[in-house]
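Biologist: Could you take a close look at one part of this chain with me? I would love a connected walk through it.

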Amino acid sequence: QVRLAESGGGSVQAGGSLRLSCAIFGYTYSRYCIGWFRQAPGKEREGVATLVTGTSSTSSTYYHDSVKGRFTISWDNAKNTLHLQMNSLKPEDTAMYYCAVRLYSGSCSMSVRDFGGWGQGTQVTVSS
């Protein structure tokens, strides 16, 4: 069974940067769809970025329009760790951030309901 553990959240001012990490344990298959999601108070959980492991193609990464050009998702295959580099942070990026994983089945969309394995979350707070 896959288990995930996020880290790296914190409080920054607008324009700052943070790097989130998600260590994945019990990783046994060559291809997963893994990603970052976030949930702000009073809002539904939404996808931020996803990628397909087992490939080096940048076409296997996907981003929500609101973070394109500011966030970068990456996978460290040697450490089974997912990262999210967040630059030019905005107050509207404030949320609890979660990583999630599912077996890759030809699609790596950011649909929350398709993911069954979730971490406990890490808080990101951006002040203006």
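What relative accessibility does Asn80 have, and does Asn80 count as buried, partly exposed or exposed?

Modeller: Happy to, with the reminder that this is a predicted model. Asn80 has a relative accessibility of 21%, so it counts as partly exposed; the cut-off for buried is under 20%. Asn80 sits in the loop between β7 and β8. Its backbone deserves a glance too: phi of Asn80 is near 50°, a positive value in a residue that is not glycine.

There is a companion case in the loop between β8 and β9, where Ser88 is found. Ser88 also has a phi near 50°, again positive in a non-glycine residue. With a relative accessibility of 41%, Ser88 counts as partly exposed.

Now let us follow the strands beside these loops into the interior. Both β7 (71-76) and β8 (81-86) supply at least two residues each to the largest nonpolar core, a set of 28 residues. Trp36, Leu82, Leu84, Met86 and Tyr97 have the most contacts inside that core. Other strands that each give at least two residues to this core include β3 (18-25), β4 (32-39) and β9 (95-103). In soluble globular proteins, nonpolar side chains tend to be buried together.

Leu84 makes a good vantage point. Setting aside neighbours within four places in sequence, Leu84 touches Phe71, Thr72 and Ile73, among others. Its contacts also include Leu18, Arg19 and Leu20, as well as Trp36, Val48, Ala49 and Tyr97. Apart from the largest core lies another one, of six residues, with Phe37, Val52, Ala100 and Cys108 among them.

Stepping back to the whole chain, you will find eleven strands and zero helices. The radius of gyration is 14 Å, close to the 14 Å that the globule rule gives for 128 residues, so the chain is as compact as a globular protein of that length. Its C-alpha atoms fill a box of roughly 40 × 25 × 25 Å along the principal axes. Of the 128 residues, 42% count as buried. Among contacts with a separation of 6 or more, 59% join residues 24 or more positions apart.

On the outside, the chain exposes about 6,600 Å², and carbon and sulfur atoms supply 47% of that area. The chain carries 12 positive and 8 negative side chains, and the centres of the two sets lie 4 Å apart.

Terms used:
Residues are numbered from 1 along each chain as its sequence is written. This is a predicted model: local features need pLDDT of at least 70, side-chain atom pairs count only at pLDDT 80 or more; totals for chains, interfaces and linings use all residues. Side-chain values use heavy atoms; hydrogens and water are left out. Helices (H or I, at least four residues) and strands (E, at least two) are DSSP runs, numbered from the N terminus. The radius of gyration is taken over C-alpha atoms; the globule rule is 2.2 Å times the number of residues to the power 0.38. Buried means under 20% relative accessible area, exposed over 50%, partly exposed in between (1.4 Å probe, protein chains only). Contact means heavy atoms within 4.5 Å. Accessible areas come from the Shrake-Rupley method with a 1.4 Å probe; for residues, only the protein chains shown count as cover. Lys and Arg count as positive and Asp and Glu as negative; His and the chain ends are not counted. The place of a charge is taken as NZ of Lys, CZ of Arg, CG of Asp or CD of Glu. A nonpolar core is a set of buried Ala, Val, Leu, Ile, Met, Phe, Trp, Tyr and Cys residues joined through side-chain atoms within 4.5 Å.
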